[in-house]
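This briefing is meant to be read with the sequence and the coordinates side by side. It begins with the chain as a whole and then turns to individual residues.

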Amino acid sequence: MAQVISDRRDIEFVLHEQLEAENLSKIHEDFADFNKKTIDLVISEARNFAVKELLPTSKEGDEQGCTLENGQVTTPDSFKRLFDLFNEGEWLAPTESPEWGGQGMPKTVASAAAEYFNGANYPFMMYPGLTQGAGHLVEHFGTQEQKDVFLKNMYTGKWTGTMLLTEPGAGSDVGALTTKAVPNGDGTYTITGEKIFISGGEHDLTENIIHPVLARIEGAPEGTKGISLFLVPKFRVKDDGTLGEFNDVICTGIEHKMGIHGNSTCSLSLGSKGNCIGTLLGEENKGMKAMFLMMNDARLLVGFQGFACATTAYMYALDYARNRIQGKDLTQFMNPDAKSVSILRHPDVRRQLMMMKVNVEGIRSLLYFSMYCLDMAKVAETQEERDTYKGIVEVLTPIAKGYVTDRAFEVCSHGMQVYGGYGFIEEYPMAQLLRDCRITMIYEGTNGIQAMDLLGRKLGMNKGKPIMDLFGKMQKTVADAKEIPELAEPAAKVEEAMNKLAEVAIHMGQTAMSEKALAAFANALPFQDATGDTTMAWMLLWRATVAAQKLAKAKKKDIPFYQGIIKSLQFYVETQLPITLGRFAALMNTSSVAVDIEDTMFPS
């Protein structure tokens with residue numbers, strides 16, 4: 001039987017051979033239980049749950065969607081049972097402390113579970129994913145009383161959580177929000193406002209929904225400086241932990257979307273009857289700083305969502321190409337007696353499958369590495385080491401969200417093309433994967449905003465130390481690869497791209513601080529593309545270096561796998577890096593046409 005969702009062998013390769021994740025159990029007592037045997041057990045359990053429970057509900061969730069009646073949202077029929085099973089398995093917050101209902105699992109290991117779960121049904125996974133993110137806010141900024149009331153209920157899935165930022169007049173410009181908070185004199189606030197595009201904002205999966213809400217306290221400064229964060233439950237919670245009265249949080253509509261139909265995307269009215277009560281989470285006027293903790297988590301989650309669509313599309317397309325018999329082998333085209341072959345034999349289909357392969361493999365390593373850095377930022381021996389790993393994640397976050405979801409959507413598009421006309425038909429999986437994947441390029445900060453963050457903030461962060469630390473890791477990989485004869489040439493090509501990236505990064509950083517700043521930011525997304533390309537080349541080179549070293553002692557069944565990893569590097573270096581070098585040349589020109597053109601020169 002063909003694999004679905006993901007390639008188990010490649011997941012094991014990244015965890016055990018590239019990152020050597022089991023060593024985390026030797027570094028710190030927090031991870032002591034997660035040796036190789038336990039990690040493999042986690043992968044097996046996650047895969048089984050994803051394939052047997054989550055995947056069969058994906059199409060149903062897409063077709064049924066969510067419905068709204070009298071302010072109440074009903075999710076697809078299977079989701080309530082699924083949510084209960086998910087929580088019974090303690091999958092909602094596996095990386096959190098057992099004190100609050102988690103398993104204390106390394107984020108690196110949890111990456112494998114996230115890949116399988118999101119690949120099987122990521123619209124469903126948005127409910128637990130946002131809950132864990134909201135729980136992080138309570139854990140990091142809440143009072144002891146708030147933690148005692150909310151945290152375990154959220155991390156165990158008894159209650160869910162959301163994130164209330166966006167308003168009709170305040171999308172990416174969060175500082176323009178109008179939601180108000182009026183002190184009541186007893187430590188609580190009366191909240192009034194309208195929020196839109198709230199994923200999981202209302203549903204029937206749990207008895208309560210906890211909303212972290214951005215609002216402005218009366219008299220606070222305008223813009224982001226005057227924003228505070230509040231905890232607003234759907235139902236108030238009594239002193240004994242039981243639910244009290246309805247908290248005047250009303251769902252006024254759900255969006256009819258292109259994809260992710262199984263997740264309710266809501267418009268919420270807060271305090272329309274003057275009876276919505278919230279408590280301050282963190283300090284006054286420090287709401288945006290607090291919310292960025294959740295947003296950064298969410299951006300990495302979105303990268304996983306896009307990637308999950310891509311890896312699932314790849315596995316489906318590969319299986320389809322193997323089994324779809326269509327056309328003669330091109331070398332036998334003039335032979336009237338030649339039999340038709342599987343489309344896997346056709347050069348253009350193979351090219352597309354290789355594009356899918358290299359992107360899926362490179363992205364998997366990039367995302368898992370990002371999680372590994374977060375683990376090391378927690379358990380490394382010295383503060384300097386911890387800061388180094390944290391800085392690397394900061395630099396990689398816009399790439400892991402922005403670049404990754406751009407490439408993931410392309411992978412899904414290739415998958416649809418491999419299926420041909422069947423790919424465009426809803427009874428086959430590609431249409432839904434393509435639709436579901438598209439939103440990942442938009443929410444949690446559009447990919448253009450991620451690119452502006454990379455150029456405007458991350459390059460110069462801490463006087464450039466994080467980006468130089470990242471380059472240092474790239475250079476080490478190149479040096480290791482050059483010691484392996486068959487990798488010396490591709491390693492030199494990757495090094496060329498790295499050196500060019502360093503040159504272009506300096507140029508773009510200087511331009512962004514000059515009178516040509518608008519031109520620089522008009523080229524921010526191409527710069528993110530080129531940076532992402534180079535990062536992918538590094539990941540593929542790192543993978544190939546490990547594979548080449550393993551080949552000498554490999555078991556017969558593993559030889560094609562390791563050789564395939566080396567072929568991925570060769571394909572990327574020969575077909576994609578030349579395009580990247582072209583991107584670098586264009587970036588050095590820093591075209592200003594996009595900002596120079598007059599408004600009147602567009603059609604009216």
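How many helices and how many strands does the protein chain have? The model, which is predicted, has 18 helices and 14 strands in its protein chain. The radius of gyration is 25 Å, close to the 25 Å that the globule rule gives for 604 residues, so the chain is as compact as a globular protein of that length.

**Overall dimensions, burial and surface**

- Measured out along its principal axes in the computed model, the C-alpha trace of the protein chain spans about 80 × 60 × 55 Å.
- Of the 604 residues in the protein chain, 56% count as buried.
- Among contacts in the protein chain with a separation of 6 or more, 73% are between residues that lie 24 or more positions apart.
- The protein chain exposes about 26,000 Å², and carbon and sulfur atoms supply 53% of that area.
- The protein chain carries 60 positive and 77 negative charges, and the mean positions of these two sets are 5 Å apart.

**Cysteines and the absence of disulfides**

- A search of the whole structure finds 0 disulfides, a result that can be followed through the pair formed by cysteine 251 and cysteine 266.
- The closest cysteine sulfur to that of cysteine 251 belongs to cysteine 266, but because the two are 3.9 Å apart they are too far for a bond, given that a disulfide requires sulfur atoms within 2.5 Å.
- Seen from the other side, the closest cysteine sulfur to that of cysteine 266 is in cysteine 251.
- Cysteine 251 counts as buried at 5% relative accessibility, and cysteine 266 is also buried, with a relative accessible area of 0%.

**Cysteine 309 in helix H7**

- Cysteine 309 lies in helix H7, which covers residues 287-323, and counts as buried because its relative accessibility is 3%, where the cut-off is under 20%.
- Leaving aside residues up to four places away in sequence, cysteine 309 touches Tyr122, Cys412, Leu433, Asp436 and Cys437.
- Cysteine 309 and glycine 472 are 163 residues apart along the chain, and their C-alpha atoms are separated by 31 Å.

**Leucine 280 in strand E12**

- Leucine 280 is found in strand E12, made up of residues 277-280, and is buried with a relative accessible area of 19%, a value that falls under the 20% cut-off.
- When residues up to four places away in sequence are not counted, leucine 280 touches Gln146, Tyr189, Ser228, Leu229 and Phe230.
- Leucine 280 and lysine 234, which are 46 residues apart in sequence, are 16 Å apart in space from C-alpha to C-alpha.

**Residues with positive phi**

- As background, most residues other than glycine have a negative phi.
- Isoleucine 5, found in the segment before helix H1 (8-18), has a phi near 75°, a positive value in a residue other than glycine.
- Is isoleucine 5 buried or exposed? Isoleucine 5 is buried, with a relative accessible area of 1%.
- Lysine 463, placed in the loop between helix H11 (447-458) and helix H12 (465-482), has a positive phi of about 60° although it is not a glycine.
- Lysine 463 is exposed, because its relative accessible area is 86% and the cut-off for exposed is over 50%.

Methods. Residues numbered from 1 in each chain as written. Predicted model: local features only at pLDDT ≥ 70, side-chain atom pairs only at ≥ 80, totals over all residues. Heavy atoms only, no water. Buried < 20%, exposed > 50% of the residue type's maximum accessible area, 1.4 Å probe, protein only. Helix = DSSP H or I, 4+ residues; strand = E, 2+ residues; numbered from the N terminus. Rg over C-alpha atoms; globule rule 2.2 N^0.38 Å. Contact = heavy atoms within 4.5 Å. Areas by Shrake-Rupley, 256 points an atom, 1.4 Å probe, with all protein chains shown as cover. Lys, Arg positive; Asp, Glu negative; His and termini not counted. Charge placed at Lys NZ, Arg CZ, Asp CG, Glu CD.
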